[in-house]
Amino acid sequence: MSQYTMTSAPDYIPVKMLREIQNERFMETFRYVYANVQWYRDLLEEHNVSPDSIKSIADISKLPFVKKTDLRDTYPFGMFAAPRNEIVRYHASSGTTGKPIVMGYTRGDLEVWNASVARGLAACGINDTDVLQNAYGYGLFTGGLGLHGGGEKLGCSVVPISGGNTERQLMLMRDFGATVVSCTPSYFLHLIDHAKKIGFDWKETKMRAGFFGAEPWTEEMRRSIEAETGIKAYDIYGLTEISGPGVGCECACQAGVHIFEDNFYPEIVDTETLEPLPDGEIGELVFTTLCKRGTPLIRYRTRDITSIVVEQCACGRTVRRISRISHRSDDMMIIRGVNVFPGQIEASLLAVDPTLIHYQIVLSKNATGLDVIETRVELSAEKFAELADNVAAVEAFKRAIGEKMQRTIGINVKISFVEPNSLPRSEGKLNRVVDNRNK
Ligand code: DLL
């Protein structure tokens, strides 16, 4: 059957067999990590876990979690399980403070990673006739080399343009006949803007799909991107600690990211108790790598909040899906006791007007010390012209957005409009929240 290609076959393994493979690979990984990482042996001792008590993957919940701070504390190589001469590549993720976390990849690790990205692309109908313009940043960040390796593995012609150089991106897209683009959703918004500015018509390109990830984005944003450009926008997920992009990816159904769980074992745990939750419940995503040798991780807390989808996908893949990452637990804003996520702001804005794709959230304190949340909304040139000098229309538009946010979030959000092209843009991940509360 045509749907079973070399690249997609593992996605359709009968569930029973998939669980057996996971069990086997988990036990192998556990023994390997225990034998090779002193830090991990100490961790188990500290938690009074005897390695002999781990007899199958069913015992995984007896094991302690590994956190980002553990990777920082063991910087640079304290978590490496393979001898250094077997490491053929490093990647690192910086975060905003402190030391980066460093991951090492053996040749085999790179093969698994590339094959995972290729599976994701193939699941959305990409094949060796496609030209992939890869606008994720190359370097220690995994986006560039991850999509590059996966695209080549699938046989695509990869254009390794990296992020930035927006004018050139559009020129090459047209001249090379690129059919697929990969970058952060926020950089793609920047490309859309620039295209408008220079009169670049997406319909005149061969572009048909985009793979967007590395930061949260919403269904509403997907619809805006698709309406604006006519391409299909797919969600691709991953993190440096587990390999990079392609830990999971959507399929052509666009109904949630399939986790390639023969390589990366997912669990969802309660954010307070850290107890495992059944499929369907929302909590923190935790991964155990099943094939990694350089820096394998057992029960790594991602901080990403999602749920595992209960129903099987219409595509027939047996590998489970996660729902869209709503936020990271670190990104949650607590405003006057109410939990607010940037995604809720984005969804409300775009529900009122799908052109309001550029926004910034500013947190501050008022004179009495209470938290204030403001959304700065950038108007498109058309909207700006339409509203110009019409105070009543500006106020009515503000009110419509404010009321929608109030209904979604439950608190009052101050709305202010800013001029076209005035908010910061990004070539990679965009930070849309400015927190001035402690200034
Ligand atoms: O962002 C890897 C990647 C590159 C994924 C390109 C997809 C595409 P890190 O820099 O380590 O790795 O950041 C990982 O980014 O824990 C999530 O919080 C967030 N993230 C990644 N993909 C998505 C997504 C790369 N599709 C962190 N939706 C993760 C929402 C995402 N958040």
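Which strands make up the open sheet of four strands, and in what order? The order is β10-β11-β12-β14, and the pairing is antiparallel. The model is predicted, and local features need pLDDT of at least 70, side-chain atom pairs count only at pLDDT 80 or more, and totals for chains, interfaces and linings use all residues. Residues are numbered from 1 along each chain as its sequence is written, and side-chain values use heavy atoms, with hydrogens and water left out.

Strands (E, at least two residues) are DSSP runs, numbered from the N terminus. Two strands pair if DSSP finds at least two bridges between them. Within the open sheet, β10 and β14 (327-328) stand at the edges. Each has a single partner strand, so one side of each is left without a neighbour in the sheet. Strand β11 covers residues 283-289. Four bridges join β11 to β12, and the two run antiparallel. Phe287 has Tyr300, in β12, as its bridge partner.

Salt bridges form a second theme. Side chains of opposite charge can pair when their charged atoms come close. A salt bridge is a side-chain nitrogen of Lys or Arg within 4 Å of a carboxyl oxygen of Asp or Glu. By this rule the model holds 32 salt bridges. Burial is given by relative accessible area: buried means under 20%, exposed over 50%, and partly exposed in between (1.4 Å probe, protein chains only).

One salt bridge joins Glu261 and Arg320, with an N to O distance of 2.9 Å. The pair links distant parts of the chain, 59 residues apart. Glu261 lies in the loop between β9 (257-259) and β10 (264-269). Arg320 lies in the loop between β12 (300-306) and β13 (321-322). Glu261 is buried, because its relative accessible area is 0%. Arg320 is also buried, with a value of 18%.

Two other salt bridges each involve a lysine and an aspartate. Lys365 meets Asp371, and their closest N and O atoms are 2.9 Å apart. Lys365 is partly exposed, at 42% relative accessible area. Asp371 has 12% relative accessibility, so this residue counts as buried. The side chains of Asp70 and Lys67 also meet in a salt bridge, at 3.8 Å from N to O. Asp70 is buried, with a relative accessible area of 10%. Lys67 is partly exposed, at 33%.

Salt bridges can also connect into a network. Glu219, Arg222, Asp235, Glu250 and Arg324 are linked in this way.
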